[in-house]
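User: I am new to this structure and would like a close look at a single part of it. Please take one helix and explain how its side chains pair up and what it packs against.

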Amino acid sequence: MDNDVPSGSTTSTLGQLALGITLLLFGLGNTRVIDGVTQADSVPLATYVGGIALFVAGLVAFRDRDAFTGTAFTALGAFWFTWGVTADGRMSANATGLFLLLFALVALSLTAGASGAPLLTRGTYALLFVALLLLAVSQFGDSAALAKAGGWFAAAGGLLAWYAATAALAHWPTALPGRAAGRGVTATG
């Protein structure tokens with residue numbers, strides 16, 4: 001198998017695509033870079049695509065005996081669904097900050113647990129961690145600037161997840177150019 005071309009399962013590809021578009025819209029809504037698009041505009045997508053579809057993809061991954069992907073997708077599906085149904089202001093700013101902080105810790109666990117996963121997967125979870133951390137702190141401190149920064153990290157994570165899914169479907173390369181480990185060094189003697 002060529003290490004430059006991804007060969008993820010259909011479940012993984014579907015989950016990455018659901019995570020990518022949900023995270024991208026959520027991030028762009030927080031940046032407010034598109035006139036009239038806010039975080040609230042991502043609620044239906046977060047609830048159904050990020051929440052339900054990602055959760056079901058996680059259950060299918062568990063059935064396929066892929067514990068890491070199952071854990072990641074069901075946990076993130078629970079996050080998106082819960083966020084989607086509570087995003088209308090039912091929680092205080094501090095409760096929202098705590099919710100985001102707790103799921104930032106989940107994203108940190110996924111980042112650490114993805115050590116054997118492709119670089120794009122690790123990058124997605126790392127960017128999600130930073131985004132949720134910044135968004136949590138922005139809730140605690142009522143900081144629009146931190147919310148906007150968190151949005152940019154979320155959007156970047158969404159783009160990575162979307163690219164990973166698209167690369168798997170289109171058989172595009174995902175490895176960074178460079179020399180392979182151990183190449184280029186020869187012993188002389």
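Analyst: A residue is called buried here if its relative accessible area is under 20%. The model is a predicted one, and the part chosen is helix 3, which covers residues 67-86. By that cut-off, both Trp80 and Trp83 are buried. These two residues belong to helix 3 and sit three residues apart, which is about one turn of the helix.

Their rings also form a pair, one of nine aromatic pairs that a search of the whole structure finds. The ring centres of Trp80 and Trp83 are 6.2 Å apart and the planes stand at 90°, so this pair is edge-to-face, given that planes over 60 degrees apart count as such. Ring pairs also join Trp80 and Trp83 with Phe26, Phe79, Phe99 and Phe103 in a cluster.

Phe79 of helix 3 has a part in a second setting as well, the packing against helix 5, which comprises residues 119-141. The axes of helix 3 and helix 5 are 14 Å apart and meet at an angle of about 30°, and the two helices are therefore roughly parallel to each other, since angles under 35 degrees count in that way. Their crossing is left-handed. On the side of helix 3 the contact is made by Phe68, Ala72, Phe73, Leu76 and Phe79, while helix 5 contributes Tyr125, Leu128 and Leu132. Sorted by class, this contact of helix 3 with helix 5 holds eight nonpolar residues, with no polar and no charged ones.

Note on methods. Residues are numbered from 1 along each chain as its sequence is written. This is a predicted model: local features need pLDDT of at least 70, side-chain atom pairs count only at pLDDT 80 or more; totals for chains, interfaces and linings use all residues. Side-chain values use heavy atoms; hydrogens and water are left out. Rings of Phe, Tyr and Trp (its six-membered ring) pair if their centres lie within 6.5 Å; planes under 30 degrees apart count as stacked, over 60 as edge-to-face and the rest as tilted. Helices (H or I, at least four residues) and strands (E, at least two) are DSSP runs, numbered from the N terminus. Buried means under 20% relative accessible area, exposed over 50%, partly exposed in between (1.4 Å probe, protein chains only). Axes are lines fitted to C-alpha atoms, for helices over the stretch in contact, and angles run from 0 to 180 degrees between N-to-C directions. Angles under 35 degrees count as roughly parallel, over 145 as roughly antiparallel, 65 to 115 as roughly perpendicular and the rest as oblique. A crossing is left-handed if the near helix is turned anticlockwise from the far one by less than a right angle, and right-handed if clockwise. Contact means heavy atoms within 4.5 Å. Ala, Val, Leu, Ile, Met, Phe, Trp, Tyr, Cys and Pro count as nonpolar, Asp, Glu, Lys and Arg as charged, and the others, Gly among them, as polar.
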